[in-house]
Amino acid sequence: MPARHTSTPDHTPGSTGRRRFMKTVGGTGMALAGAYPASLLAARPDPWDEARAIIDRFARPLTFRKEDFVITAFGARPCELKPVHASVSLKAKAHIKTPAPGAPDCYPAIAAAIAACHKAGGGRVLIPTGNWLCAGPIVLRSNVNVHLAAGAHVYFSNNPLDYAKYGDHDCGKNGKLTLTRWEGNDCLNYSSMVYAHGQDNIALTGDDWTSILDGQAGVPFEGSTDCWWSWKGRAPANADGVPHDPALGQSERAVNPLNPPTLAGIAPHLAPAEAKKLQGPEGWLQRDPHFLRSLSEARVPAARRIFGIGHFLRPNMVQFISCTNVLVAGYQTTNAPFWQHNPVNCRNLHAKGIYANSMGPNNDGFDPESCNGVLVEGCQFNTGDDCIAVDSGKGTDTQFGPCQNVVIQNCRMQSGHGALTLGSIMSGGIQNVFAQKLVFENANWKTDPLNIAIRLKTNMNRGGFLRNFYVRDISIPNGIRTTPAFYKPQPGSSIPAGTVATGAGGIITFDCDYDAANDAVRTRPPVVTNVHISRVTVGNVQTPEGRFSCYQPIVIMGPVAANYNGEGKPQVLPVSNVTISDCDFGTPVNAAQPVYLYNVKGLVLRNVKIGGKLVNGTLSP
């Protein structure tokens, strides 16, 4: 069937199309009101009681022995700085500072302090005020709190080899690597700059946002114009953009001759037809991200998914895997090579008062993945990708289960692709997520606007489920991006190109066919249900074309059955049980079509203002 949608042709007084729309949804709204007696509604439990129970888990703070292990006592010395012209975002360079040649490396001292602290039964490893070069990862251990004093600025080395020296897995010419996750798939790769695996009662803290972890991802490698961000493989947008020379073949988008052209050698258990599907078109398998995804789909063990030296999968800034009782609080991250925070399979995870401030490619601010019991509060995000993205593994790497029981509150978002995002790495499912009292300030709306406010991303590969997602009390004073970025349908889709603004411009956007071209296997229809959003207020800003809040307030594109490429015809369920209530979405640019729906069952709007007009009722494609 062709894509269908409900829309208001315009918002001018007396518009016949608008009156028809308002009459339709208004009548449906009256029917809804009569369908549920007040006594029945009052008897239902309040889901926000579950949010309160999650918050209450963190009422008692983590405790550590009262002993400081100061890194200077273990031989650390501060470093001198020199100016450098470096990338500070995908599009801009600036004169910043970096450790001068010959700067002392405090990695050995930090590692020794952490070891001594852990052996003593725990305590605080203190990084004092000053500038510190760390040419290797900070690896936390149980009962250790690594703390940055006010004015402590840790400059992590921008030499990739320093993150392939100290791992537990000796992979020969690929380096001594670390078990990590990269976009939801397990592999052996460069270590994250701050890392922990299987630890309990750990903390990474700072006095304030002058306590800085700096990944130096825009500073050129020695003897090169490339930097960590060049590995994204994106052509520079202008002369000040991140440098990248495609002829060098040093990026995640380039064909890497170290990767095999077929899976025959590394996955001989595959039937020829399955191997052919996973390999994709010629050269596809040899690009590092596609190779990793294919290894997951081929069920190759993580110990044989070896990357590191010679490969171009950038490490996360902070990654904790399978840890319990975790606190990250009170510091700033900047210039991260990849995601800024990626806790995986952690239990009782508290993020409080961090400033995720990094504008490079894929610089998500906080990505809890397959975690259970998460509280994110009092944080600020200014990012080159999603501010917060809740994840749960990709493809077959779902052994840790869903990400669940998450509360996000009292945070502030500036630039980013999505302010509050679920997915797209969600094969293990996402459930019981509560977000409240957030300000999507979008202070950089003139130059680098927030693309989408509330965002869901999945597709026929990532699959998984999203259920029990509750959002309330969101302020968006400067609107969001007022120009669209359109969905690119795959061959055979019934949705015309250039018609659905799933990439940017929506206040609420569900994209259930996100980035499908990058997945060779599309056999897992996602399920999205029980989403309730209320009290979202969006302001207008002055653009050259007029005062607007967004491009299109609501875009909900359910799963696209035409993109399934497996055997048979599975059940592809529509997005269902979604309510949006007591919201004012300001004035959209696309006043003729403020709502786009595809494969959605009964979107309920209650007391929703769009362009100053009140909308009540149930909408379906």
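Before anything else, let me fix one term: when I say that two residues pack against each other or are in contact, I mean that they have heavy atoms within 4.5 Å. With that in hand, I can take you through this structure, which is a predicted model, and I will begin with the protein as a whole before turning to particular places in it.

The mean pLDDT of the protein is 92, and 93% of its residues reach 70 or more. The exception I would like you to keep in mind is the stretch of residues 1–42, over which pLDDT stays under 50, and for which the model has 62 contacts beyond four places in sequence. Where pLDDT is low, the predicted coordinates should not be read in detail.

The protein has six helices and 38 strands. Its radius of gyration is 24 Å, which is close to the 25 Å that the globule rule gives for 621 residues, so the protein is as compact as a globular protein of that length. Along the principal axes, the C-alpha trace spans about 75 × 55 × 50 Å. Of the 621 residues, 59% are buried, and among the contacts with a separation of 6 or more, 74% join residues that are 24 or more positions apart. The surface that the protein exposes comes to about 23400 Å², and carbon and sulfur atoms supply 53% of that area.

Let us now look at helix H4, which runs over residues 107–119. How far apart should the ends of H4 be? At 1.5 Å a residue, its 13 residues should span 18 Å, and the end C-alpha atoms are indeed 18 Å apart, so the two values agree. The buried residues in H4 are Tyr107, Ala109, Ile110, Ala113, Ile114 and Cys117. These residues cover an arc of only 165 degrees around the axis, which means that they lie on the same side of H4. The spacing is easier to follow if you remember that an α-helix has 3.6 residues a turn, so residues three or four places apart point the same way.

What do the buried residues of H4 pack against? They pack against strand S1 (68–70), strand S4 (123–127), strand S5 (130–134), strand S6 (138–139) and strand S7 (144–148). Just after the helix, glycine 121 takes a positive phi of about 100 degrees.

One residue from that list of strands deserves a closer look, namely valine 144, which lies in strand S7 and counts as buried at 0% relative accessibility. Leaving out residues up to four places away in sequence, valine 144 touches Phe64, Ile114, Cys117, His118, Gly123, Val125, Asn201, Ile202 and Ala203. For one of these, glycine 123, the C-alpha atom is separated from that of valine 144 by 5.4 Å, although the two residues are 21 residues apart along the chain.

Helix H6, residues 288–297, gives another picture, since ten of its ten residues are buried and it is therefore largely enclosed by the rest of the structure. Among the buried residues of H6 are Asp288, Arg293 and Glu297, together with Phe291 and Leu292. What covers them includes strand S10 (176–182), strand S11 (185–189) and helix H5 (272–279). Just after H6, arginine 299 takes a positive phi of about 60 degrees.

That brings me to the backbone, where a few places merit attention. Serine 370, in the loop between strand S19 (355–358) and strand S20 (372–377), has a positive phi of about 50 degrees although it is not a glycine, and this serine 370 is buried, with a relative accessible area of 1%. Asparagine 432, placed in strand S26, also has a positive phi, near 60 degrees, and asparagine 432 is buried with a relative accessible area of 13%. The peptide bond from glycine 423 to serine 424 is cis, with omega near 10 degrees, and serine 424 is found in the loop between strand S25 (418–422) and strand S26 (430–440).

I will finish with serine 581, in strand S34 (residues 575–584). Is serine 581 buried or exposed? At 14% relative accessibility it counts as buried. Beyond its neighbours within four places in sequence, serine 581 is in contact with Ile533, Ser534, Arg535, Arg606, Asn607 and Val608. Serine 581 and isoleucine 306, which are 275 residues apart in sequence, are 49 Å apart in space, C-alpha to C-alpha.

Key
Residues numbered from 1 in each chain as written. Predicted model: local features only at pLDDT ≥ 70, side-chain atom pairs only at ≥ 80, totals over all residues. Heavy atoms only, no water. Helix = DSSP H or I, 4+ residues; strand = E, 2+ residues; numbered from the N terminus. Expected span 1.5 Å × (residues − 1). Buried < 20%, exposed > 50% of the residue type's maximum accessible area, 1.4 Å probe, protein only. Arc of directions from axis to C-beta. pLDDT = per-residue confidence, 0-100. Rg over C-alpha atoms; globule rule 2.2 N^0.38 Å. Areas by Shrake-Rupley, 256 points an atom, 1.4 Å probe, with all protein chains shown as cover.
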